[in-house]
Amino acid sequence: MKVMRKIIEIDEERCDGCGQCVIECAEGALEIVDQKARVVADKFCDGLGACIGDCPNGALKIIEKETDEFDAEAVEEHLKKKVEERKPDTESLACGCPSNQVQTFIPDISCEVAEEPVRPTGTESRLSHWPVQIRLVPPTAPFLKGASLLVASDCAPVAYPRFHEDFLRDRVVLLGCPKFDEVEAYVDKFAQIFKANDIKEITVLIMEVPCCSGLPAILKRAMDGAGKSIPMQEVVISARGKILSRKDQ
């Protein structure tokens, strides 16, 4: 039934698809489609505007219009469906590799070499495990136990030339993109990781672009959902590979 009520309206000219509003929408009424925020269905939007304050471009506002009534039961079904869609494929990864091939890498060196002082050549990989994509790492992966976590945007390792030496050493890395991946899936995955593992600390490495700014917010929401408080440092990298800022969250 159509009623006159308050609802969110999105200015597509101002929206840059950063996804901040999606993170704050508890009803799942917003999604990023074609790099723009969209209302999935009017019946999912309660019109309260929790998403407005998180838009860096002022692209969201509350209007009144004749539309479908807010349907709490439909929202519940919608959220359940999204959870089901996000369940990992237990048979295979997206690349066709068996999903149970979680690996921890042990340096292949002799005892004599291991006892010598480390002389970095700049060519050593500091990667200690596989897989590395947020979507593919199971919360029960053994390398997560007691880990210092490095959560990095997909672009950061390409932009920052000393990624392995300055950030990856002695950390477990998880890579992802909050703009193109499912935000709620990230929140759920990290909440499971935080519940199942005694994570020591988190370094979140993001680019200076607006879409990356959602990653720290995702981690905070996941900590809240898991009932955890984990020290977290946010590091912002420029497109030219410079560290622009470091701050504790």
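# A walk through the predicted model

The structure holds one cavity of 30 Å³ or more. This is a predicted model, so keep that in mind as you click along.

## Stop 1: the cavity

Select Cys-15, Asp-16, Cys-18, Cys-21 and Cys-55. These are the residues that lie nearest the centre of the largest cavity, out of 16 that line it. The volume of this cavity is about 80 Å³. What kinds of residue make up the lining, by class? Colour them and you will find nine nonpolar, four polar and three charged residues.

While you are in this part of the chain, pick Val-33, which sits in strand E2 (residues 30-33). Is Val-33 buried, partly exposed or exposed? With 35% relative accessibility, Val-33 counts as partly exposed. Now draw a distance from the C-alpha atom of Val-33 to that of Gly-17: the viewer should give 8.3 Å, for two residues that are 16 apart along the chain.

## Stop 2: the whole chain

Zoom out and switch to a cartoon. The protein has seven helices and eleven strands. Of its 249 residues, 42% count as buried. Contacts often link distant parts of the sequence: among those between residues at least 6 apart, 71% join residues at least 24 apart.

## Stop 3: the five-stranded sheet

Next, select the five strands of the open sheet, whose order is E8-E7-E9-E10-E11. The pairing in this sheet is mixed. Look at the two ends of that order: E8 (172-176) and E11 (243-248) are the edge strands, and each has a single partner, so one side of each is left without a neighbour in the sheet. Turn the sheet to look along it and you can follow a twist that averages 15 degrees from one strand to the next.

Now go through some of the pairs.

- E7 (residues 148-153) with E9 (residues 201-207): the two strands are parallel and share five bridges. Select Leu-150 and you will find its bridge partner, Thr-203, in E9.
- E9 with E10: this pair is also parallel, with six bridges. Here Val-204 stands opposite Glu-234 in E10.
- E10 with E11: these strands run antiparallel and are joined by five bridges. Val-236 stands opposite Ser-245 in E11.

Before leaving the last pair, follow the chain round the hairpin of E10 and E11. Five residues lie between the strands, and Gly-241 in this hairpin has a positive phi near 85 degrees.

How many of the seven residues of E9 are buried? Show the surface and check: six of them are, and the strand is mostly covered.

## Stop 4: the helix across the sheet

Add helix H7 (residues 214-226) to the selection. H7 lies across E7, E9 and E10 (232-237), and runs at about 155 degrees to E9.

Within H7, click on Leu-215. The relative accessible area of Leu-215 is 0%, so this residue is buried. Which residues does Leu-215 touch, leaving aside those up to four places away in sequence? Show its surroundings and you will find Val-151, Ala-152, Ser-153, Pro-178, Tyr-186, Val-204 and Ile-206. Val-204 is the residue you met opposite Glu-234. For one more distance, join the C-alpha atoms of Leu-215 and Ala-152: they are separated by 8.6 Å, although the residues are 63 apart along the chain.

## Stop 5: two backbone details

The last stop is about the backbone. Most residues other than glycine have a negative phi, and most peptide bonds are trans. Two places here are worth a look with that in mind.

Select Trp-130 and Pro-131 first. The peptide bond joining them is cis, with omega at about 5 degrees. Pro-131 belongs to the loop between strand E6 (129-130) and E7, so following the chain onward from here brings you back to the sheet of the third stop.

Then move to Asp-170, in the loop between helix H5 (163-168) and E8. Asp-170 is not a glycine, yet its phi is positive, at about 65 degrees. Is Asp-170 buried or exposed? With a relative accessible area of 71%, Asp-170 is exposed. The strand on the far side of this loop is E8, one of the two edge strands of the sheet, and a good place to end the tour.

Methods
Residues numbered from 1 in each chain as written. Predicted model: local features only at pLDDT ≥ 70, side-chain atom pairs only at ≥ 80, totals over all residues. Heavy atoms only, no water. 1 Å grid on protein atoms, 1.4 Å probe; cavity = no way out; pocket = protein on both sides within 12 Å on 5 of 7 lines; lining within 4 Å. Points joined across faces, edges and corners; volume = space filled by probe spheres on them. Nonpolar A, V, L, I, M, F, W, Y, C, P; charged D, E, K, R; others polar. Pairing = 2+ DSSP bridges. Helix = DSSP H or I, 4+ residues; strand = E, 2+ residues; numbered from the N terminus. Axes fitted to C-alpha atoms, helices over the stretch in contact; angles between N-to-C directions. Contact = heavy atoms within 4.5 Å. Buried < 20%, exposed > 50% of the residue type's maximum accessible area, 1.4 Å probe, protein only.
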